[in-house]
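Visitor: Please give me a close look at one part of this model, and place it in its surroundings. Which element would you choose, and what does it touch?

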Amino acid sequence: MFSISPLRTRQVIGGIIGLVVGALVFVLLSLESNEEYVSVGPMNTGHEELSCFACHADAKGNLIQQVQSNTSHAFGFREEGVDFGTQDVTANNCLECHDRPNDRHPIYRFSEPRFSDAIKNIDATTCVTCHSEHHGERVTLGKIDYCMNCHQDLSVESDPLDISHKDLIAQEKWETCIQCHDFHGNHRYEVPTQMKDTFSLKLISNYLKGGKDPYGMDKKYTALSQEEWLNKK
Amino acid sequence: MKTFYKLKFIYPLLASFIIVSCGGVPEEKAELQGEENVFSVEEVLEMVAKENDVTRTLYTKAIVGKGKLQGMKFDEDWRKDKVEAGPLPALFLRGVATSIKRGPVPLGLYLGSDHPVNAANKFEGKQAELFEEIKQNQEPQFFYDDSQQLHTAMFADLASAGACVSCHNDHPQTTKSDWKLGDVMGATTWQYPKDSLTYKETIAVLNSYAKGTVDIYMEYLDEIEHFKESEKPEIGNKWPQDGKYLPTAEVFLDSVKKLSSYETMKHLVSLNKK
């Protein structure tokens, strides 16, 4: 049944070598110690110690079941397809470690209809809009003028700042917002009351790229480590 | 080799057989098959909004209103370490909403107004338009939010206690200082993805709201635990009307249930009449 024609010997040997090398590569790349070679880019700041499985959980069912379900779905025999290989990563994965009751901009708030125009400019309903993973940074959003999408009408009574918030907004100095305020509000620090005391744009830019935290290291809540996350599950 | 060619059509068939006989990944919806959708989303949101009314009124009157008379403090910055206070009613609702979002029930809850203390909570667009109608007739408004693909309902949020009126009128950031009891101060907005719900889903929505209430109240009690300078109220079965006391989360929730259960039960048992 499997007798080989002498004319095809080289093809068969080549095929076997291909299979062995393929299997070897598959096994080696599946090892946890080699995850960095599979990753599409360096992990973002604070995520360096995470394993792939922390976000990329196995999809439901085995590969054959997933093939069958998606084939059935393609031919209309099943209402919904299924994840293939690993589950899609969503904001819920982020929140399992980063959910904080004191978050002043929790993503769920932006699902409210009154933010529908704002989220056309910046989709604040999901974390990855600002924190796209595998870039080796902290914030991957290009510009830091995002406050303009919701706070155009802000006015602060008895404004403590030497240059009023109203004036800063009128001058469209949106980059000054995060020179005083951390977006998620988790840092414990004294907010400056004079523009000269605010964090420089260079410091802020460096922080967003993954550098030193200008707001300080004193935080009310800390994100879960992988070990803490595993223990919580 | 000839045998191989004779059998070559067998292999794809065999592979297909193996794949098909393995069975697919079970469909999640299969779990709900056989369960009839018995409530419209409007009915369910009205039920949970009613529970919210009762809870918020109880918290505002019996905890914030009476608590202030006992010297307890409530502040918009209550989560800050240096502030030793409890959540104001609007922030109590925000806490409930946050807790709901942490759970598996896809229910959204928001509070807004045309004269909010915090400008970020001002209604815009469709919500601002419908809020004008709510102010006229205090009737709930329903619409489908196309952008999020969510069924949405808005319910009047009334000035039900003296504490609502005095705090908002006296707040340094207020844009309106002539609120009076009974005014429509704002509206709650609720969202849910399905147009009708099974009995189980309905109960899950009501439970997620109740759990949210307990969660935020527990957070308040936890903050009290960490008070350094302020006198801590005694936590037990008594309420602030009796002195410097606060009820436990269980006692608080029991009172909410006593006040709201009749209305909710009326809806739930109305199934038999359908």
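Guide: Helices and strands are DSSP runs numbered from the N terminus, a helix being H or I over at least four residues and a strand E over at least two. This is a predicted model, in which local features need pLDDT of at least 70 and side-chain atom pairs count only at pLDDT 80 or more, while totals for chains, interfaces and linings use all residues. Residues are numbered from 1 along each chain as its sequence is written, and chains are lettered from A and ligands numbered from 1 in the order in which they are written.

By that assignment chain B has 8 helices and 10 strands. The part to look at is helix 3 of chain B, residues 41-69. Of the 274 residues in chain B, 34% are buried (20 or more other C-beta atoms, placed from the backbone, within 10 Å of the residue's own; 12 or fewer is exposed, and in between is partly exposed). Taking contacts (C-beta atoms, placed from the backbone, within 7 Å) between residues of chain B at least 6 apart in sequence, 66% join residues at least 24 apart.

Helix 3 of chain B contributes 10 residues to the largest nonpolar core, and no other share of that core is larger. Such a core is a set of buried Ala, Val, Leu, Ile, Met, Phe, Trp, Tyr and Cys residues joined through C-beta atoms within 7 Å. This one has 50 residues, and the residues with the most contacts inside it are B:Val44, B:Leu45, B:Val48, B:Val96, B:Leu109, B:Met154 and B:Trp190. With residues up to four places away in sequence left out, B:Val44 touches B:Phe39, B:Leu197, B:Thr202 and B:Val205.

Helix 3 of chain B also packs on helix 6 of chain B, residues 162-170, at an angle of about 60° and with the axes 9 Å apart. Axes are lines fitted to C-alpha atoms, for helices over the stretch in contact, and angles run from 0 to 180 degrees between N-to-C directions. The two helices therefore count as oblique, the class left after under 35 degrees (roughly parallel), over 145 (roughly antiparallel) and 65 to 115 (roughly perpendicular). On helix 3 of chain B the contact is made by B:Thr60, B:Val64, B:Gly65 and B:Lys68, and on helix 6 of chain B by B:Gly162, B:Ala163 and B:Cys164. These divide into 3 nonpolar, 3 polar and 1 charged, where Ala, Val, Leu, Ile, Met, Phe, Trp, Tyr, Cys and Pro are nonpolar, Asp, Glu, Lys and Arg charged, and the others, Gly among them, polar.

One more link concerns B:Ser255, in helix 8 of chain B, residues 249-269. The C-alpha atoms of B:Ser255 and B:Val54 are 9.6 Å apart, although 201 residues separate the two along the chain. B:Ser255 is partly exposed, because it has 16 C-beta neighbours inside 10 Å.

Two loop residues elsewhere in chain B deserve a check. B:Gln138, in the loop between helix 5 (125-137) and strand 5 (141-145) of chain B, has phi near 60°, a positive value in a residue other than glycine. B:Gln138 has 13 other C-beta atoms within 10 Å and so is partly exposed. B:Gln149, in the loop between strand 5 and strand 6 (150-158) of chain B, likewise has a positive phi, near 55°. B:Gln149 is exposed, with 9 other C-beta atoms within 10 Å.

As for the partner chain, 33 residues of chain A are in contact with 35 residues of chain B. The chain A side comprises 10 nonpolar, 13 polar and 10 charged residues.

Methods. Two residues are in contact if their C-beta atoms, placed from the backbone, lie within 7 Å.
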